[in-house]
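Biologist: Could you walk me through some helix packing here? I would like to see how each label is earned.

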Amino acid sequence: MKKISKTIAASVVRPRPAHSHKGNYGRVLIIAGNHQFGGAAIMNAQAAVQSGAGLVTVATDLTNKTAIHARLPEAMVVNYRDNLAAYVKKADVILIGSGLGDERDVLETCFSAISSEQTLIVDGSALSMMAAFDLALPDASQLVLTPHQMEWQRLSGVAIAEQVNQETNQAALQRLAPTESNTSANNKTPALVLKSEATQVYLKDDVYQLTVGGPYQATGGMGDTLAGMIAGFAAQFAPTSSAVLAAVYCHSAIAEELSQKAYVTLPSKIAEKIPAYMKKLSEE
Ligand SMILES: NC(=O)C1=CN([C@@H]2O[C@H](COP(=O)(O)OP(=O)(O)OC[C@H]3O[C@@H](n4cnc5c(N)ncnc54)[C@H](OP(=O)(O)O)[C@@H]3O)[C@@H](O)[C@H]2O)[C@@H](O)CC1
Ligand SMILES: Nc1ncnc2c1ncn2[C@@H]1O[C@H](COP(=O)(O)OP(=O)(O)O)[C@@H](O)[C@H]1O
Ligand SMILES: [Mg+2]
């Protein structure tokens with residue numbers, strides 16, 4: 001198994017070309033946060049903005065609007081019950097699911113509106129709803145799934161104790177490829193970020209092991225922050241597979257640095273450190 005190294009992350013996070021504008025760094029739509037879990041939407045959005053996404057819009061339960069604006073004026077906020085398909089169509093990268101609760105209509109509207117040119121990242125409640133309601137992934141250009149072990153068990157049927165078996169996970173992942181793409185020789189098997197105390201990333205041909213990070217990360221919102229970083233990195237860096245590896249690395253490497261002086265590494269503190277960490281990486 002390969003290791004997710006700093007070298008991989010540094011090969012992805014390069015200095016920005018002068019000849020560029022916000023449109024070159026991606027339009028991200030975050031669909032997250034029901035009335036109970038507004039914090040998940042804030043943590044997604046903070047991480048995506050701090051990672052450098054060109055434009056970030058949050059589609060959420062409207063009760064979260066003032067809080068999101070107060071914490072993050074860089075993000076736009078819309079009601080996820082109002083014209084969601086139109087917002088989905090305008091985005092390059094869509095992240096759905098963190099703190100989405102049981103908003104099945106929102107998930108189905110998003111999946112129906114996705115086109116084959118877009119990148120879709122599926123996290124948290126969206127993964128649990130896919131399992132509960134037997135919903136298939138849409139035929140996006142790039143698909144990324146970010147379950148923790150229980151979410152992966154629900155979605156794939158692979159019990160947590162069996163998740164040490166790479167072949168079992170790979171076979172389950174292939175079965176989740178959108179049915180529209182199953183006819184082609186090279187179907188769109190999603191990338192899988194299987195989160196745990198020893199996170200692994202499954203890409204088309206390889207499995208990668210994360211070797212930074214630690215238990216100081218075991219706190220609510222840590223995965224919401226990672227999902228926002230993956231969205232921000234995927235909006236700027238290609239191929240998506242490398243962007244995912246770099247985001248996973250940076251998330252835990254920042255946490256590891258913070259842990260030198262902190263017993264727990266809060267998700268919003270990690271988000272604050274992203275620009276400085278990316279600057280350092282880009283100069284290596
Ligand atoms: N501030 C906010 O708005 C926040 C919003 N959030 C949002 O809430 C939604 C629900 O997410 P969720 O992860 O909290 O709940 P769920 O999907 O039921 O999973 C928990 C169950 O799985 C089990 N488990 C086993 N292995 C595990 C592992 N490696 N990692 C984690 N769990 C593991 C675990 O076992 P136990 O703890 O009982 O031992 C338990 O039985 C989701 O959309 C998320 O984005 C949160 O981010 C919090 C902050
Ligand atoms: N003991 C640990 N060591 C290293 N990383 C951990 C540990 N516990 C949790 N994490 C990381 O924290 C994140 C938790 O994600 P998740 O459970 O989705 O959080 P949430 O939904 O609350 O935001 C994952 O990236 C996981 O790898
Ligand atoms: Mg989560």
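**Helices side by side**

Modeller: Gladly! Met222, Asp224, Thr225 and Met229 in H9 meet Pro267, Ile270, Ala271 and Ile274 in H11, where contact means C-beta atoms, placed from the backbone, within 7 Å. This is a predicted model: local features need pLDDT of at least 70, side-chain atom pairs count only at pLDDT 80 or more, and totals for chains, interfaces and linings use all residues. Residues are numbered from 1 along each chain as its sequence is written, while chains are lettered from A and ligands numbered from 1 in the order in which they are written.

Biologist: Why are H9 and H11 called roughly parallel?

Modeller: Their axes, lines fitted to C-alpha atoms over the stretch in contact, with angles running from 0 to 180 degrees between N-to-C directions, cross at roughly 25 degrees and come within 9 Å. Angles under 35 degrees count as roughly parallel, so H9 and H11 are roughly parallel to each other.

Biologist: What makes H9 mostly covered?

Modeller: A residue is buried if 20 or more other C-beta atoms lie within 10 Å of its own, and 15 of the 15 residues of H9 are buried.

Biologist: How do you know that the span of H9 agrees with the one expected?

Modeller: The expected span is 1.5 Å times one less than the number of residues. For the 15 residues of H9 that gives 21 Å, and the end C-alpha atoms are 22 Å apart, which agrees.

Biologist: And what angle do H6 and H7 make?

Modeller: H6 and H7 pack at about 25 degrees, with axes 8 Å apart, which makes H6 roughly parallel to H7.

Terms used. Helix = DSSP H or I, 4+ residues; strand = E, 2+ residues; numbered from the N terminus. Parallel < 35°, antiparallel > 145°, perpendicular 65-115°, else oblique. Buried ≥ 20, exposed ≤ 12 C-beta atoms within 10 Å, placed from the backbone. Contact = placed C-beta atoms within 7 Å.
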